[in-house]
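Here are a few short exercises to work through with the coordinates open. Try each one yourself before reading the solution.

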Amino acid sequence: MNQTDLLEEILQLSVEAGDAIMGIYAKDFNVEYKEDESPVTDADLAAHKVIAAGLQQLTPDIPVLSEESAGIDWATRQTWNEYWLVDPIDGTKEFIKKNGEFTVNIALIKAGKPILGVVHAPALNVSYLAAEAVGAFKQCDEARIELKVTKKANTGLIKVVGSRSHPSPDLAAYLEQFDDVEMVPKGSSLKLCLVAEGEADIYPRLGPTSEWDTGAGHAVAEIAGATITQVDGSALTYNQKESYLNPYFIVSRLEA
């Protein structure tokens, strides 16, 4: 299947997962907590089932790593050159707060790099989708616009998107390099997408994230033309180590 068709299939699958989520979002739902104290709801599990079944049907030969099925040992994972990276609900805390800023994230990773991704925000009725051979897009209802990042000088007012639920003490020190800063709070992987569409200039993530939190948004932002690097300027990669945790990273449309 070519990337154009695959991207449309993954968008449709993310919408189906979003529909399952919204059926639970409208009601009282059960919240449990994992060993690391991160919350998980009935909706996370319902979306995971939809996505896992859909990917198995679409691409039976490509393995799937989901936040809700993360117990795959490193000996197995390190043999993967290509795999699906899934977060059934990114921004579970936003889901629990019912502020709408949560997303379904599905990314295709090849040789450690996201080459296709969909970020779908079901409560906001907006999707971001990208593939290397196709481009990056934002879709609201039936309208689809292409996303192309225009670089901005790192002077004057800098719009900085940051976490609504995970403020970082390291962020204030990082922002001292800019003369004038406006904070744009946002939940989930929507933060990467805001840089992709030019609504924010930079997203310094100086706090913990896991690879499934960022893979799909990374694809959207990078294919749109943003730069995504670790703090030292090296590439942000996937499935290159045993831990699922990302290093600190910067998503930017500022000129170097």
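**Exercise 1. Two helices**

At what angle do helix α1 and helix α2 pack, and how far apart are their axes?

*Solution.* Keep in mind that this is a predicted model.

Step 1: pick out the helices, with α1 covering residues 3-25 and α2 covering residues 42-58. Their packing angle is about 155°, and the axes are 8 Å apart.

Step 2: turn the angle into a word. Angles over 145 degrees count as roughly antiparallel, so that's the label for α1 and α2.

Step 3: get the hand of the crossing. α1 passes α2 in a right-handed crossing.

Step 4: list who touches whom. On the α1 side you'll find E9, I10, L13, E16, A17, A20, I21 and I24. Their partners in α2 are D42, A43, A46, A47, V50, I51, G54, L55 and L58. Sorted by class, this contact has 13 nonpolar residues, one polar and three charged.

**Exercise 2. Cysteine bookkeeping**

How many disulfides does the model have? Work out the count, then look at C140 and C193.

*Solution.* Step 1: apply the cut-off. A disulfide needs a pair of cysteine sulfur atoms within 2.5 Å, and the count by this rule comes to zero.

Step 2: check C140. The nearest cysteine sulfur belongs to C193 and is 11 Å away, and C140 is in no disulfide.

Step 3: do C193 too. For C193, the nearest cysteine sulfur is that of C140, again 11 Å away, and C193 is in no disulfide either.

Step 4: compare their surroundings. C140 is partly exposed, with 33% relative accessible area, whereas C193 is buried at 0% relative accessibility.

**Exercise 3. Positive phi**

Find the loops that hold A111 and S188, then say what phi each residue has.

*Solution.* Step 1: recall the background. Most residues other than glycine have a negative phi.

Step 2: take A111. Its phi is positive, near 50°, and this residue isn't a glycine. A111 sits in the loop between β5 (103-110) and β6 (113-121). Is A111 buried or exposed? Its relative accessibility is 58%, so A111 counts as exposed.

Step 3: take S188, which isn't a glycine either but has a positive phi of about 60°. Look for S188 in the loop between β11 (180-186) and α6 (190-196). With a relative accessible area of 8%, S188 is buried.

**Exercise 4. Two loop residues, two settings**

Place A226 and L245 in their loops, then list their contacts beyond four places in sequence.

*Solution.* Step 1: start with A226, in the loop between α7 (211-224) and β13 (227-230). At 6% relative accessibility, A226 counts as buried.

Step 2: ask what surrounds A226. Leaving aside neighbours within four places in sequence, A226 is in contact with V149, V195, A221, V251 and S252. K151 is 75 residues from A226 along the chain, yet their C-alpha atoms are separated by 8.2 Å.

Step 3: move to L245, in the loop between β13 and β14 (249-252). L245 is partly exposed, with a relative accessible area of 46%.

Step 4: repeat the contact search. With neighbours within four places set aside again, L245 is in contact with T209 and S210. As for P122, 123 residues from L245 along the chain, the C-alpha separation of the pair is 26 Å.

Conventions. Residues are numbered from 1 along each chain as its sequence is written. This is a predicted model: local features need pLDDT of at least 70, side-chain atom pairs count only at pLDDT 80 or more; totals for chains, interfaces and linings use all residues. Side-chain values use heavy atoms; hydrogens and water are left out. Axes are lines fitted to C-alpha atoms, for helices over the stretch in contact, and angles run from 0 to 180 degrees between N-to-C directions. Angles under 35 degrees count as roughly parallel, over 145 as roughly antiparallel, 65 to 115 as roughly perpendicular and the rest as oblique. A crossing is left-handed if the near helix is turned anticlockwise from the far one by less than a right angle, and right-handed if clockwise. Contact means heavy atoms within 4.5 Å. Ala, Val, Leu, Ile, Met, Phe, Trp, Tyr, Cys and Pro count as nonpolar, Asp, Glu, Lys and Arg as charged, and the others, Gly among them, as polar. Buried means under 20% relative accessible area, exposed over 50%, partly exposed in between (1.4 Å probe, protein chains only).
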